[in-house]
Amino acid sequence: MMDAIQILFILVAAAATATPPSGRKVVVRVDLTGCAGTPASVDVVLDGDEGTRRPLTLSKDPKESGWVAEWIDERKRKFPGARLSASVRFNDGRTYCQFAQPEKNDNDALVARFLFYCDDAPVLNVTIGTIPPRIFSYERRLPGKARPVVPPRCACVEKGNAVSGTAVVRQVMFPQENFSLQFLNDAENARSSDLLVLDPAGENAAAEGREIFDDLIRKNAVVVAGGDPRCKVGEVCLRRGGIIVALGQQRARARPKLLPQAYSVDEENLQNLSLLTLAVK
Amino acid sequence: MRLYIAAAALAILVATSAAAQQRPVFDPDDDVDPRQHDAPLLISRIVAGGGTNLMDDYRPLRNGGGFFELTNSLYWKQIQLDYKRSKIFGNDDKVELQRCGCQPPIDFPTPPSAGSTPLAPPQSPKDTLQFAFYYSVPGRATEPRVMLRARLTGSRQSMDSVVRSFVTQEVVERRSGREQSFGLNADTYFRAGRHNVWGELFFARTAQSGTRADRSQTEVAYMSRFPAVVAGPLILRAMLTVGAVSNRGAAGLNIVNPAFEAFWHLTASRVNLHLVWSPQSTRSGNGGWETHQQIALFVDRALYVHLFGRSTPSSDTAR
């Protein structure tokens, strides 16, 4: 009897290990065009998951030029049944987003092939901090059809989370990108409305310091000189009340409704936040 | 989806059996973007203030006065349910009539004729039920999807009448009537070149019963919401409503209502301060165009905010 039970367990375990994983392995292959030389390093952001950038390696296979990486598609609908978008990040720049073309390589493996144009639009790094540390998420939106280009671009939304209360969001294309923050509450069952960080109407890509931030961020920021000892030189800082007011003003500007209920939700979500610090490099 | 349809059908049944009405000037916007909460959200809010030349559903009140509103809103996924109770003070809460000793008897004051703007009903407390559904449409490429709302509203208030003898002042008749209203309003959004155009469509049917001079009216209106402006701590906005209301002897466009609102959120007290100027022009067959300069000053504050559950919110964004 015991032997039969043991055999049954072994069969169940074998069946379990034989079950294919829920993800689908995809070879990501990126070809770059228009670049000034070969980039030192290349990362790819797949399917808008800004939080998990994947480093690409330069293929040494003469039959398969370009930059490659392996990726497990764990989405409900898999590539190529579901479209796959990506953008590429360099040390000092980023690309717009593209959709992948499905291919098979010599090993009959599924390949998601991207062709990116190296854009020389200036980028900046935004450093975000919360006091005390608390979770927030951020979102980057880049339009795709600003002008007809080859290869064609797609609009993309790329998201990331900062669980430790700080994040450096790199290679933000200004002013093309719409960059916003959302604060998650402690119970993680609600979030603030979007806090638009950078000025969407900004025209001067070389602008530095405060000028680069949305005017309602600047308007509600703590005045640095003596405003708050926790706010360092070069930072734009908002106290909790300033964030709530900025959120409400940005909501009203985006959509002309005045929403007391949304203020209340933001007040609940931001209960434990004392100071938000923003800096651009 | 079936659940939504069933809930919508239930709300329609409740609303048609209960009531609905055009929003009073002191009823604040109460949208909450469903992307801000994954779990149900309950908010109770109080509104209090005062105003002059107030209107009730395009009908002038006899006097200005204070008002209050208590709202309870439940937000669950893309659904919003509201129960609101409001009251305007400084006006009669029942109809007081005097009956002459003549034959046939006549009650005074006589009601406005069919071609005139009707009087507002007596300001007894008004109960309102609302059911709203949120849905999103694409916005600009650099902005999140635009969240819009469609809402059914039913409201009801009592309209009691007391008729006294002109000579003896004895009560010779009592009537217990009511006014019920059913309405539908929906946000509108489209893009004109580089500009977003926001608005709201309204339809409402209001009917009285059990009074000596039952009136009813049907109204259709469009409200355009112009871009808000931030001035210091204030948010300023302008709106323009145009529409038509029936049964006052003037067909076609007979409502023109610009409105201007200044809004101030006081962070320390969590109070919102509103100042509204709403010159409402209505046209009737007998009176022609008449303008009532509504001015209201009021505050609102959440009494209770509760987020249920601990699930992860949607990864979409809200603005």
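**A four-stranded sheet, two domains and three backbone details**

In this predicted model, chain A contains an open sheet of four strands, which pair in an antiparallel manner and follow the order β13-β10-β17-β16. Its edges are formed by β13 (166-173) and β16 (236-239) of chain A, each of which pairs on one side only, and from one strand to the next the twist averages 20°. Within this sheet, strand β10 (residues 123-131) of chain A and strand β17 (residues 275-280) of chain A run antiparallel and are joined by six bridges; A:Thr127, for example, stands opposite A:Ala279 in β17(A). Against the sheet packs helix α4 (residues 240-254) of chain A, which touches β16 and β17 of chain A and whose direction makes about 90° with that of β16(A).

The confidence of the prediction should be kept in view while reading chain A. The mean pLDDT of chain A is 84, with 85% of its residues reaching 70 or more. Confidence in this chain is highest in α4(A), at a mean of 95, whereas it is lowest in helix α1 (residues 2-18) of chain A, at a mean of 55. Where pLDDT is low, the predicted coordinates should not be read in detail.

At the level of domains, chain A is divided into domain 1 (24-117) and domain 2 (124-280), and the centres of these two domains, taken over C-alpha atoms, are separated by 29 Å. Their contact takes 20 residues from domain 1 of chain A and 19 residues from domain 2 of chain A. About 1,600 Å² is buried between the two domains of chain A, and carbon and sulfur atoms give 55% of this area. On the side of domain 1 of chain A, the residues that lose the most area to domain 2 are A:Glu50, A:Arg94 and A:Tyr96, which together account for 46% of what that side buries. Four salt bridges are counted between domain 1 and domain 2 of chain A. A salt bridge also joins the side chains of A:Glu158 and A:Arg89, at 2.5 Å from N to O.

Chain B offers some backbone details in its loops. The peptide bond from B:Gln103 to B:Pro104 is cis, with omega near -10°, and B:Pro104 lies in the loop between β4 (95-99) and β5 (107-108) of chain B. Another cis peptide bond leads from B:Phe108 to B:Pro109, with omega near -5°, where B:Pro109 is found in the loop between β5 and β6 (126-137) of chain B. Finally, B:Asn53, although not a glycine, has a positive phi of about 50°; this residue is placed in the loop between β1 (41-52) and β2 (65-76) of chain B.

Technical notes. Residues numbered from 1 in each chain as written. Chains lettered and ligands numbered in written order. Predicted model: local features only at pLDDT ≥ 70, side-chain atom pairs only at ≥ 80, totals over all residues. Heavy atoms only, no water. Pairing = 2+ DSSP bridges. Axes fitted to C-alpha atoms, helices over the stretch in contact; angles between N-to-C directions. Contact = heavy atoms within 4.5 Å. pLDDT = per-residue confidence, 0-100. Domains from an automatic or database assignment. Buried area = accessible area lost by both parts, 1.4 Å probe.
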